[in-house]
Amino acid sequence: MFAFEKKLMTISELCERLVSVRDSKKVVACSGSFDVVHAGHAMMLEEARAQGDVLVVFLNTDESIGLYKGPSRPVIPFRDRAAILASMVAVDYVIPLDALTPLSLIEQLRPDIYFNGADWGDRSVERTLVESYGGSLRVASAHVRVSSSSDLIRAIKDRADVPTARGIFLDRDGVLIQDRGYVHTPDEVELMPGVIEGLNMLRDAGWQFYVVTNQSGIGRGMYSTEAMERTHAHIRELLAKSDITIKTFYYCPHTPEEGCSCRKPGVGMLIQAAKEHGIALSRSWMIGDRSSDIAAGRLANMKTIAVAAPGTEFADSISVPDAFVLNLEAAAVHILGSQ
Ligand SMILES: [Zn+2]
């Protein structure tokens, strides 16, 4: 049993519970559906609790909400709404409200104060009853109307319609092309086995491709950015023959000594790509042949594949990939098989 469950009971159990304290404690009650609980609810309940010593929440059952808000509500079932409310410090008791108004529950409990949300105001149907036995009705300050469950539901609906982009992030040397060490001329470029086959399969499944490559040769003065660009243009040409497109080549031109955030295992290039293309990294894959590739992918919350012999031990202890494959074709099979 969770501690909060002690706050859940029926109206008759509550009345019995409160008999001995009615003379010394001021009982406050409020009611609502509290469907999709938000910060405005938390503020309203805290304000309600401050009116007295005990706060009782009459919580609409699923059936009663369906009657006044329509069959699409509630979003969150009674048991869960009750658990959330009962977990709040401000709330002392949660009682099911299985009617369109709380009049019957108010009649039984006779709270000293009945607290209304700002949207109901002080002209509610409860006023006459509460005042008839000497209680009083109070209304929440307007400032608690910071948002509403309906606003939140609309926002969730809007966001659900926005497609989430995902990407395949490829290391260059040793994954896309043969690693000959500081490749920087078109002549040196040779695609790795399985690249065309693998990228074809992934493109047909709707994936988009990005290259993320450490190019410290630029920082070391071994070749120019232009030479690298020409090399990448040549890779694009080779892939274009099979209708394969790399959306963007990201590269880090720095040497390790410069301590930049883009050089893998840094995640700078991955974060830049995520921002520029609206990509969800947790739904994307990093494919590399080195510990720094796998570490960068894992630090960016991506799924990772090592193009390496099964069980290859990488120096870095965080560099444990989700899978080992022999080439990009096998990587594609793994990715398509894990969806
Ligand atoms: Zn860098």
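In this predicted model, strand 1 (residues 27–32) and strand 4 (residues 113–116) pair in the parallel sense over 2 bridges. Within this pairing, Val 28 stands opposite Ile 113 in strand 4.

Both strands belong to an open sheet of 5 strands, ordered 3-2-1-4-5, with parallel pairing. At its edges stand strand 3 (93–97) and strand 5 (136–139); each has a single partner strand, so one side of each is left without a neighbour in the sheet. From one strand to the next, the twist of this sheet averages 25 degrees.

A further open sheet is formed by 6 strands in the order 8-7-6-9-10-11, and here too the pairing is parallel. Its edge positions are taken by strand 8 (246–252) and strand 11 (323–325), and because each has a single partner strand, one side of each is left without a neighbour in the sheet. The twist in this sheet averages 20 degrees from one strand to the next.

The edge strand 11 is joined to strand 10 (residues 303–307) by parallel pairing over 3 bridges. Ala 306 has Phe 324, in strand 11, as its bridge partner.

Helix 11 (residues 268–277) packs on the sheet that contains strand 8, where the helix touches strand 6 (167–170), strand 7 (208–214) and strand 8. The direction of helix 11 makes about 145 degrees with that of strand 8.

The two sheets are set side by side below.

| Strand order | Pairing | Average twist, strand to strand |
|---|---|---|
| 3-2-1-4-5 (5 strands) | parallel | 25 degrees |
| 8-7-6-9-10-11 (6 strands) | parallel | 20 degrees |

Definitions and conventions. Residues are numbered from 1 along each chain as its sequence is written. This is a predicted model: local features need pLDDT of at least 70, side-chain atom pairs count only at pLDDT 80 or more; totals for chains, interfaces and linings use all residues. Two strands pair if DSSP finds at least two bridges between them. Helices (H or I, at least four residues) and strands (E, at least two) are DSSP runs, numbered from the N terminus. Axes are lines fitted to C-alpha atoms, for helices over the stretch in contact, and angles run from 0 to 180 degrees between N-to-C directions. Two residues are in contact if their C-beta atoms, placed from the backbone, lie within 7 Å.
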